Amino acid sequence: MDYDILPGVFDILPENKKEGWRSSALWQKLEELIRTTCQAFGYEEIRTPIFERSELFLRSSGETTDIVSKELYRFVDKGERDVALRPEGTAPALRLFKDQDQEWQKHHRKLFYMGPMFRYDRPQAGRYRQFHQFGVEVLGASDPEVDVEVIDLLFTLFSRIGLKGLKLELNSLGTLASRENYLKGLVEYYTPFLKRLSLDSVRRLETNPLRILDSKDPHDKEINKGAPSILEYLDEPSKAHFEKVKEWLTKLNIPFVINPNLVRGLDYYNQTVFEVVTDQLGSQNSVGGGGRFDSLLKMLGGPDLPGFGFAAGLERVIQTILKQEIFFLPPKGPELVVIPLGEKSLETGYQLVRTLRQANIASVIDFSKKKLSKRLQEAHDIGAERVIILGDEECEKGEAKIKIMESGKELLLPLSEIPSYLSLETKLPSLSQESKRLSELSKTKSLQETSSDLANLSKKFDTIHQNLKNLSVQSMDTNA
Ligand code: AMP
């Protein structure tokens, strides 16, 4: 029996030296930034199941799309239901919206999600069968300014991370009516090339000619160069919508390039579509993308409300962070190990660790009865900065020894003083790391943003000060 991990999926480890992007600390940090950025823009989180009825994706993405026709993880469950692992997050978000009562649907909703998606694609660097997306959907608003605000959210996140050199590609697919005209124009253009087009594209000419523009085939790409532009087919309202989007992006200093061949892989888009690409990841260069889907909710049986959203791939964002060598400091693990040497000190040691954890000082206790030298070596190996050595005799006197690993210095302290001592000692390095991060960030951020970070830092100082005060009250209580 072979228990090897399946192709196209991966594990995330606490720290992965060989493939840094698979380190959980980086994921946690990115996920936290995504949540705070979405919340700062007024988005609320939703979590949908990772499997849904297959019909949801057949109906929304379109049966001829690659996502559905080739890549869907689809099975029949024990209740004979046709089920699929979600390949994307928009259709489930809209299904969730449709399932709520009218009161809930009445409000314009700004939703975000984050989680694994599944596509049975050919595995390669930057392309996995289980990957992670975060995405946002605005439901119930059709204003072009909304399109821009959503794009602004993505770029605000990228700027908070410190990512550089990302290119925003923009296009408009117009209304469904103007697209019909364009499709006719495309069929007219491609028909004389039938013999030179790839087999896939010949098929697409019948099913959805728009997607030939997306083709990666070199011959198709050559032919695509002469294809009519969708922008020439836009009707007046679509033109006005697109102009507004461009005007606002320019006002907000978000640079973009128009790519008339950008049609995105799914059928449900209309008006604005966009993609963010990086030059750091080779052929899998798209970090995220999205667009407007004004008829999708109705198509899925919900109310006739417009929508706009995007999805971005977490793997590719983290890989770009590492490629650009961005200072992306992950939270640190336990820096303190408590080593009890006897029966009595084991209990005292555990009580001490509980107090420390309540004060948010990450600490581990070594329950093994191994030799002290071995246990010190293990503490060193996991990167502990300090160990507390508890002998039975010292415990009885209410004392313990703190050893600073780097200098080898030892300090004998009353047990009751240890939490307040450590609170100060362990929080100061993290503050110095924080200020290092801020000085790095100030190179990439505006003064205003940096000063708001400084205000947060000063709040942290206040909290620590308060914690210390509480701890000294606690230790006075213990003494009493
Ligand atoms: P899509 O839903 O195809 O528009 O994809 C949105 C984003 O998800 C892309 O820009 C990628 O960053 C990411 N993505 C899509 N498919 C994969 C995959 N198979 N593996 C890793 N990331 C993916």
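**From the small sheet to the ligand shell**

In strand 4, the residue that forms the bridge partner of F51 is L85. The model in which this pairing is seen is a predicted one, and the pairing itself offers a convenient point of entry. Strand 2 and strand 4, the latter spanning residues 82-85, run antiparallel and are joined by 3 bridges. They belong to an open sheet of 3 strands, whose order is 2-4-3 and whose pairing is antiparallel. The edges of this sheet are formed by strand 2 (51-53) and strand 3 (74-76), each of which pairs on one side only. From one strand to the next, the twist averages 35 degrees.

The loop between strand 3 and strand 4 holds E80, a residue that is not a glycine and yet has a positive phi of about 65 degrees. With 6 other C-beta atoms within 10 Å, E80 falls in the exposed class, for which the limit is 12 or fewer such neighbours. A comparable case appears further along the chain, at E325, where phi is near 50 degrees, again a positive value in a residue other than glycine. E325 is found in the loop between helix 12 and strand 12, and it is exposed, with 7 other C-beta atoms within 10 Å.

A second open sheet contains 8 strands in the order 1-5-6-11-10-9-7-8, and its pairing is mixed. Strand 1 (44-45) and strand 8 (257-258) are the edge strands, each pairing on one side only. Within this order, strand 6 and strand 11 pair in the antiparallel sense over 7 bridges, and V138 stands opposite F308 in strand 11. Further along the sheet, strand 9 and strand 10 also pair in the antiparallel sense, over 6 bridges, with S286 in strand 10 as the bridge partner of V277. On its other side, strand 9 meets strand 7 (residues 167-172), and these two strands pair in the antiparallel sense over 6 bridges; here the bridge partner of N171 is V273 in strand 9. Strand 9 itself, which covers residues 270-277, is mostly covered, since 7 of its 8 residues are buried.

Several elements of this sheet return when one turns to the ligand. The shell around the ligand draws at least two residues from each of strand 6 (130-139), strand 10 (286-292), strand 11 (307-313) and helix 12 (314-323). Among these contributors, strand 10 gives the most, with 4 residues. There are 17 residues around the ligand, of which Y128, F131, S286, G313 and R316 come nearest. S286 thus has two roles in this description, as the bridge partner of V277 and as one of the residues that come nearest to the ligand. By residue class, the shell divides into 5 nonpolar, 6 polar and 6 charged residues.

Beyond strand 6, the chain enters a loop that leads to helix 6, and D143 lies in this loop. D143 has 13 C-beta neighbours inside 10 Å and therefore counts as partly exposed. Although D143 and P306 are 163 residues apart in sequence, their C-alpha atoms are 9.5 Å apart in space.

The helix that follows can be described through its packing. Two packed helices are described by the angle between their axes and the distance between the axes. Helix 6 (residues 144-161) and helix 10 (residues 236-251) pack at an angle of about 40 degrees, and their axes are 8 Å apart. The two helices are therefore oblique to each other, and helix 6 passes helix 10 in a right-handed crossing.

The last stop is strand 14. Strand 12 (residues 336-340) and strand 14 run parallel and are joined by 5 bridges, with L336 standing opposite R386 in strand 14. Strand 14 also pairs with strand 15 (residues 399-404), in this case in the antiparallel sense over 4 bridges, and I388 stands opposite I402 in strand 15. What, then, is the burial of strand 14? Because 5 of the 5 residues of this strand (residues 386-390) are buried, strand 14 is largely enclosed by the rest of the structure. The covering extends to both faces, with R386, I388 and L390 buried on one side and V387 and I389 buried on the other.

Terms used. Residues numbered from 1 in each chain as written. Predicted model: local features only at pLDDT ≥ 70, side-chain atom pairs only at ≥ 80, totals over all residues. Buried ≥ 20, exposed ≤ 12 C-beta atoms within 10 Å, placed from the backbone. Pairing = 2+ DSSP bridges. Near = placed C-beta within 6 Å. Nonpolar A, V, L, I, M, F, W, Y, C, P; charged D, E, K, R; others polar. Axes fitted to C-alpha atoms, helices over the stretch in contact; angles between N-to-C directions. Parallel < 35°, antiparallel > 145°, perpendicular 65-115°, else oblique. Left-handed = near helix turned anticlockwise from the far one by under 90°.
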